[in-house]
Amino acid sequence: MTPLSSYMILSAIVFVIGVVGVLIRRNIIMILLSIELMLNATNINFVAFSYYLDNIAGQVFVFFALTVAAAEVAVGLAIIIALYRGKATIAAEELNLMKW
Amino acid sequence: MGSLSFLYFGTVIVLTAILVVALRKPVSSVIALLVMFFHIAGLFVTLHAEFLAAVQIIVYAGAILVLYLFVVMLLNVKEDDSYQQQFRLGMGLGLLALAEVVYIVSAAGLPEAPVREPAAPAAIVGNTETVGRALYTTYLFPFEVASLILLVAMIGAILMAKKGIMGPEPKETE
């Protein structure tokens, strides 16, 4: 059997890849995709712990993470469409109105 | 057998995750993410979370990714999808975090986590039934709150994607 730590390491690696993606991509859609990566990494962790601790709560929590991910995608993509309509760009560094 | 399937799913998940971040075209990234979601669903099956595996494919691969593809193709952005200027900084931070994980694993040597034997009782009841019971009894209130979140997200998405609601817009030719 695979030990629990393997799942945690896999989840950590995927999460770090997501963080790097948020940091290095310019396209806002790609940034949202990287956030999906991070959410999935946490889901792997939840399901692995749910299995090894024999507690169904972990799987129920993945459900709620899924709900929030769906809501985030719907609202985020709506924001991107509104942005593109107003500014004709979705590059992250050109949208600096509220930066400083 | 168990560790072999983990090895396969884990390798593909990590590789496709790197592809998602590294590929230049958004459409290719979305396709790579699709492959990754399927393999995460496979990982869930090996962890005896069959219902979540199905939901993972239906919701993530079926709904969320299609929405992404839809927006990517709708906007059809003609600009170079290169990386940010802080490319080095981002990679450095990522390597730092990865080194941290490696250090923790090698130095602390992770206490031998509870290695579970294949569960007999859970298999009799069935995963879907177990999840359903927990969801509609213990977690009934969070469940209702989740539906509220979805409702608010739906209203918000409609409001924001609608024309002419975010303040006065320049004259559009229609």
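These legends go with close-up views of a predicted model.

**View 1. The largest nonpolar core and its best-connected members.** This core holds 68 residues, and those touching the most other members are A:Val14, A:Ile29, A:Leu33, A:Val47 and B:Phe44. Chain A puts in two or more residues from each of α1 (4–24), α2 (28–52) and α3 (57–87), while chain B does so from α1 (2–22), α2 (26–46), α3 (50–75) and α7 (140–161). The top giver is α2(A), with 14 residues. On the chain B side, domain 1 (1–80) and domain 3 (124–163) both chip in residues, so the core lies between them.

**View 2. A:Leu33 and its contacts in chain B.** Here we zoom in on A:Leu33, one of the core residues that touch the most other members. Skip its neighbours within four places in sequence, and A:Leu33 is in contact with B:Val20, B:Ser29, B:Val30, B:Leu33 and B:Tyr68.

**View 3. Where chain A meets chain B.** The contact takes in 61 residues of chain A and 69 residues of chain B. On the chain A side, α1, α2 and α3 each give two or more residues, with α3(A) giving the most, at 22 residues. Sort that side of chain A by residue type and you get 46 nonpolar, ten polar and five charged.

**View 4. Confidence along chain A.** The mean pLDDT of chain A is 88, and 98% of its residues score at least 70. Among the elements of this chain, α2(A) has the highest mean pLDDT (92) and α1(A) the lowest (89).

How values were computed
Residues are numbered from 1 along each chain as its sequence is written. Chains are lettered from A and ligands numbered from 1 in the order in which they are written. This is a predicted model: local features need pLDDT of at least 70, side-chain atom pairs count only at pLDDT 80 or more; totals for chains, interfaces and linings use all residues. A nonpolar core is a set of buried Ala, Val, Leu, Ile, Met, Phe, Trp, Tyr and Cys residues joined through C-beta atoms within 7 Å. A residue is buried if 20 or more other C-beta atoms lie within 10 Å of its own, exposed if 12 or fewer, and partly exposed in between; C-beta atoms are placed from the backbone. Helices (H or I, at least four residues) and strands (E, at least two) are DSSP runs, numbered from the N terminus. Domain bounds come from an automatic or database domain assignment. Two residues are in contact if their C-beta atoms, placed from the backbone, lie within 7 Å. pLDDT is the predictor's confidence in each residue, from 0 to 100. Ala, Val, Leu, Ile, Met, Phe, Trp, Tyr, Cys and Pro count as nonpolar, Asp, Glu, Lys and Arg as charged, and the others, Gly among them, as polar.
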